[in-house]
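Let's take a walk through this structure together, one piece at a time. Have a look at it first, and then we'll pick a place to start.

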Amino acid sequence: MDKNLPDASATNRKLVVWSLGLLCILQAALNISLRLALYSSDAPDCDAVIRNLTEERDQLKRKLKTFDHYTQEGWVYFRSSFYFISSDTKSWADSRDNCLQKVADLVIINSKEENEFIRQFRRLFWIGLTDKEKEGIWKWVDGTLLSTTSSFWHRGEPNSYFSTDEDCGETKFNEVEDNWNDEKCHWQKFWICEKMEA
Ligand code: MMA
Ligand code: CA
């Protein structure tokens, strides 16, 4: 055997030792990167997730309780509001008082969908619209001005019919989409209260 040549078994040993060393380094690198990935700041905080879900659950429970309460009392739910459809008739002011007693108010109509929802009952209802403060300036019971883009006056209305004072809004011409009329506030009519979901 040539003494100048390194023997084969010594070379193999060196190779094995180097490979094991390299494997150790790779494993350590993998370990560190996995830890970083799992516990980095943008990973979800389990406690916070549980807190949020608990809060969401409690909120839904409260909603369901409110829903059961109002529907059992005869209110109808539509798009985040409860509606009370009266079964007797009163003047506009007495109708409004009745709604206020129920911690609600006469209905405020903000969209075509809401108007259609009310029109489907095909009744003459007082709604929360009046120009009693200033003739011709129509306001909802919450003090907001009637928007020109979301009003449903019937053709020719409001007309303060033959100069009689008609300061209160009602749904009347229910065969068409534009069904509102201004009417004398003392007339006895059915009414609708609205209570927005909390
Ligand atoms: C009624 C009354 C008015 C309405 C007219 C429409 C006769 O008066 O409801 O407010 O404008 O009808 O014809
Ligand atoms: Ca009228």
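A good place to begin is a single pairing: Asp105 has Glu194 of E8 as its bridge partner. One thing to keep in mind as we go is that this is a predicted model.

That pairing belongs to a meeting of two strands. Strand E3 (residues 105-106) and E8 run antiparallel and are joined by 2 bridges. E8 has other partners too. Strand E2 (residues 81-85) also pairs with E8 in the antiparallel sense, this time over 5 bridges, and within that pairing Ile85 has Ile192 as its bridge partner in E8. Then there's strand E4 (residues 125-130), which runs parallel to E8 and is joined to E8 by 2 bridges. Here you can find Phe125 standing opposite Phe190 of E8.

So how buried is strand E8 (residues 190-196)? Of its 7 residues, 5 are buried, so the strand is largely enclosed by the rest of the structure.

Now let's move over to the metal. The calcium ion (ligand 2) is held at 2.2 to 2.5 Å by Glu157 (OE), Asn159 (OD1), Glu166 (OE), Asn181 (OD1) and Asp182, which coordinates through both O and OD. Along the chain, these donors follow the spacing E-x1-N-x6-E-x14-N-D. Two of them, Asn159 and Asn181, link distant parts of the chain: Asn159 sits in the loop between strand E5 (139-140) and helix H5 (160-163), while Asn181 is in strand E7 (residues 180-183), 22 residues apart.

Are these two asparagines buried or exposed? Asn181 is buried, because its relative accessible area is 3%, under the 20% cut-off. Asn159 has 30% relative accessibility, so it counts as partly exposed.

Next comes ligand 1. Around it you'll find Glu157, Asn159, Tyr161, Glu166, Lys172, Asn181, Asp182 and Glu183. Several of these names should be familiar from the calcium ion, with Glu157 and Glu166 among its donors. Strand E7 supplies the largest share of this shell, with 3 residues. Sorted by character, the shell has 5 charged residues, 2 polar and 1 nonpolar.

Some of these neighbors come with polar contacts. Oxygen atoms of ligand 1 lie 2.6 Å from a polar side-chain atom of Glu157 and 2.5 Å from a side-chain N or O atom of Glu166. For Lys172, a polar side-chain atom is 2.6 Å from an oxygen atom of ligand 1. On its own, ligand 1 would expose 330 Å², and the protein buries 69% of that.

Conventions: Residues numbered from 1 in each chain as written. Chains lettered and ligands numbered in written order. Predicted model: local features only at pLDDT ≥ 70, side-chain atom pairs only at ≥ 80, totals over all residues. Heavy atoms only, no water. Donors = N, O, S within 2.8 Å, 3.2 Å for Na, K, Ca; no water. Helix = DSSP H or I, 4+ residues; strand = E, 2+ residues; numbered from the N terminus. Buried < 20%, exposed > 50% of the residue type's maximum accessible area, 1.4 Å probe, protein only. Near = heavy atom within 4 Å. Polar contact = N/O pair within 3.5 Å; in protein donor to acceptor, adjacent residues only side chain to side chain. Areas by Shrake-Rupley, 256 points an atom, 1.4 Å probe, with all protein chains shown as cover. Nonpolar A, V, L, I, M, F, W, Y, C, P; charged D, E, K, R; others polar. Pairing = 2+ DSSP bridges.
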